[in-house]
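Reader: I'd like a close look at one part of this model, the part where the confidence is highest. Could you walk me through that piece and how it sits with the rest?

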Amino acid sequence: MSNLPSNHGDGLEGAISAIEDRLAALGGALRDHDAKAIESQAHELHRALASAVHRFAQAARQPGGVSLQLRQRLMVASGQVAAQRESLARATAALDRAID
């Protein structure tokens with residue numbers, strides 16, 4: 001049983017890495033103005049976020065909880081998600097104004 005917290009930490013590490021990878025891919029799709037890739041990467045990011053939330057909850061219940069390093073990486077990723085959400089909102093508003 002002594003491996004359990006480490007395994008949960010490893011799973012959370014992978015989940016956070018997946019978020020970071022999906023954020024980078026979504027950022028690239030946004031820069032390329034590739035609507036199909038944006039949709040695909042946004043879907044994959046959503047899946048990665050759901051997985052991370054699940055793994056974070058599991059790890060938090062284990063002795064030792066979640067390391068400070070992983071908490072900080074998750075906070076940075078959360079900030080990046082918020083920034084991309086804001087960027088998409090501005091782009092959508094600009095598109096709506098251009099259409100009107």
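Author: Confidence first, since this is a predicted model. The part you want is helix α2, residues 35-60, where the mean pLDDT peaks at 92. At the other end of the scale is helix α1, residues 4-32, with the lowest mean, 82. Over residues 1-7 the pLDDT is below 50, and that stretch has 3 contacts in the model beyond near neighbours in sequence. Where pLDDT is low, the predicted coordinates should not be read in detail. For the protein as a whole the average is 86, with 91% of the residues scoring at least 70.

Now the setting. The protein has 3 helices and 0 strands, and along the sequence the pattern reads α-α-α. The C-alpha trace spans about 60 × 20 × 15 Å along its principal axes. The radius of gyration comes out at 16 Å, whereas a compact globule of 100 residues would have one near 13 Å. Of the contacts with a separation of 6 or more, 69% are between residues 24 or more positions apart. As for burial, 24% of the 100 residues count as buried, and the accessible surface is about 6,800 Å², with 55% of it belonging to carbon and sulfur atoms.

Just ahead of α2 comes the loop that links α1 to α2, and His33 lies in that loop. His33 has a positive phi of about 55°, although it isn't a glycine. His33 counts as exposed because its relative accessibility is 70%, and the cut-off is over 50%.

On to α2 proper. This helix has 26 residues and reaches 37 Å from its first C-alpha to its last, close to the 38 Å expected at 1.5 Å a residue. Which of its residues are buried? In α2 they are Gln41, Leu45, Ala48, Ala52 and Ala59. If you're wondering about spacing, an α-helix has 3.6 residues a turn, so residues three or four places apart point the same way.

Several of those buried residues turn up in nonpolar cores. Leu45, Ala48 and Ala52 belong to the largest one, a set of 9 residues that also includes Ala15, Ile19, Leu23, Leu26, Ala77 and Val81. The elements giving two or more residues to this core are α1, α2 and α3 (68-99), and α1 supplies the largest share, 4 residues. There's also a second, separate core of 5 residues, and Ala59 is among its members, as are Ile16, Val66 and Leu70.

Gln41 deserves a stop of its own, being a glutamine on the buried list. Gln41 counts as buried because its relative accessibility is 16%, below the 20% cut-off. Leaving out residues up to four places away in sequence, Gln41 touches Arg22, Ala25 and Leu26. Seen from the other side, Leu26 touches Ile38, Gln41, Ala42, Leu45 and Gln84, with the same sequence neighbours left out.

Glu44, also in helix α2, gives you an in-between case. With 28% relative accessibility, Glu44 counts as partly exposed. For a distance to check in your viewer, the C-alpha atoms of Glu44 and Gly79 are separated by 18 Å, and these two residues are 35 residues apart along the chain.

Technical notes. Residues are numbered from 1 along each chain as its sequence is written. This is a predicted model: local features need pLDDT of at least 70, side-chain atom pairs count only at pLDDT 80 or more; totals for chains, interfaces and linings use all residues. Side-chain values use heavy atoms; hydrogens and water are left out. pLDDT is the predictor's confidence in each residue, from 0 to 100. Contact means heavy atoms within 4.5 Å. The expected span of a helix is 1.5 Å times one less than its number of residues. Buried means under 20% relative accessible area, exposed over 50%, partly exposed in between (1.4 Å probe, protein chains only). A nonpolar core is a set of buried Ala, Val, Leu, Ile, Met, Phe, Trp, Tyr and Cys residues joined through side-chain atoms within 4.5 Å. The radius of gyration is taken over C-alpha atoms; the globule rule is 2.2 Å times the number of residues to the power 0.38. Accessible areas come from the Shrake-Rupley method with a 1.4 Å probe; for residues, only the protein chains shown count as cover.
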